[in-house]
Amino acid sequence: MKRFLNIALSLLLTMAAYSIEYADTAIYQGMNLKFDLGTPVFEMARSSANIQSYELALNVDLKHRYFPTIEMGYAHALNRTVASGATFNGMGGYARLGLDIAPLKKGNADNMLLVGLRVGTALQDYSMLNVPVADPYWQTVGLQDYMHRFRCDVWGEIVAGVQVQVYKSFHMGWFVRMKILMTRGKQGEPVAYYIPGYGYTGDTNFGFNYYIGWKF
């Protein structure tokens with residue numbers, strides 16, 4: 001968390017410095033609508049569609065320098081066997097809010113390097129079947145099902161990527177993401193195997209998006 005806050009502060013200071021240089025540029029420069037192609041293709045190849053997610057993003061181009069962004073999607077993980085032998089089923093939606101900046105002082109507005117921050121949240125309904133539960137009194141291990149549990153998670157992200165023009169208003173690009181989970185499961189509840197928009201449960205996670213977009 002401390003590392004995430006330090007990087008966030010550095011980016012905010014950088015944006016403040018750049019705002020002076022671009023004071024004379026018109027503020028609003030359009031919007032970009034993006035669809036993530038890379039993640040569903042990769043998940044299809046890796047998990048035979050047992051894990052699948054779909055994502056759209058929309059950002060506003062301010063002075064070709066700042067890009068307030070919202071990303072929204074849906075994901076599911078079905079019939080996934082975890083290390084304990086339990087079976088996980090979960091599905092839900094997620095959203096991320098954040099800001100990207102183009103850190104290079106000179107460059108083409110349609111071809112740029114981007115760095116930014118996100119805060120993400122996910123809501124999902126999940127079940128865990130055949131979870132091993134120890135009985136300390138009888139010194140035995142039984143199996144228990146946890147059905148239709150509701151979970152809300154929050155995380156932060158540090159992102160970096162590129163955007164290039166393909167044809168007129170159409171562009172493509174990619175993002176890499178470092179994700180830092182800020183929430184933990186309730187005591188006595190099984191840990192969720194997968195979080196929509198975040199990925200496999202862990203204190204940190206990494207992601208990659210390859211997208212196509214349209215500027216209007």
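Let me start with Asn 79, whose place is in strand 3 of what is, I should say at once, a predicted model. The phi of Asn 79 is near 55°, which is a positive value in a residue other than glycine. To see why I mention that, keep in mind that most residues other than glycine have a negative phi. Asn 79 is also exposed, because its relative accessible area of 54% is over the 50% cut-off.

Now please look at Lys 63, which is not a glycine either and yet has a positive phi of about 60°. Lys 63 lies in the loop between strand 2 and strand 3, the latter covering 66-81. Is Lys 63 buried or exposed? With a relative accessible area of 13%, Lys 63 is buried, since the word applies to anything under 20%.

From that loop we can step back into strand 2, residues 51-62, where we find Ser 53. Ser 53 is buried as well, with a relative accessible area of 6%, and if we leave aside its neighbours within four places in sequence, Ser 53 is in contact with Thr 39, Pro 40, Glu 43, Tyr 74, Ala 75 and Tyr 194.

One of those contacts, Tyr 194, takes us to the aromatic residues, of which the whole structure holds eight pairs. Tyr 194 and Tyr 200 form an edge-to-face pair, with 5.9 Å from centre to centre and 80° between the planes. Within this pair, Tyr 194 counts as buried at 5% relative accessibility, whereas Tyr 200, with a relative accessible area of 27%, is partly exposed. Both tyrosines belong to one aromatic cluster, in which they are joined by Phe 88, Tyr 126 and Tyr 193.

Let me turn to the pairing of the strands. Strand 4, residues 87-101, pairs with strand 5, residues 112-135, in the antiparallel sense over 15 bridges, and if you want a place to look, Asp 100 stands opposite Gly 116 in strand 5. How many bridges join strand 5 to strand 6? There are 21 of them, and these two strands also run antiparallel, with strand 6 covering residues 140-167; there, the bridge partner of Thr 121 is Val 154 in strand 6. The hairpin of strand 5 and strand 6 has four residues between the strands, and in it Gln 139 takes a positive phi near 55°.

I will finish with a charged residue and a ring, namely Arg 118, which lies over the face of Phe 175 at 5.7 Å from the ring centre.

Definitions and conventions
Residues are numbered from 1 along each chain as its sequence is written. This is a predicted model: local features need pLDDT of at least 70, side-chain atom pairs count only at pLDDT 80 or more; totals for chains, interfaces and linings use all residues. Side-chain values use heavy atoms; hydrogens and water are left out. Buried means under 20% relative accessible area, exposed over 50%, partly exposed in between (1.4 Å probe, protein chains only). Contact means heavy atoms within 4.5 Å. Two strands pair if DSSP finds at least two bridges between them. Rings of Phe, Tyr and Trp (its six-membered ring) pair if their centres lie within 6.5 Å; planes under 30 degrees apart count as stacked, over 60 as edge-to-face and the rest as tilted. A charge sits over a ring if NZ of Lys or CZ of Arg is within 6 Å of the ring centre and within 35 degrees of the ring normal.
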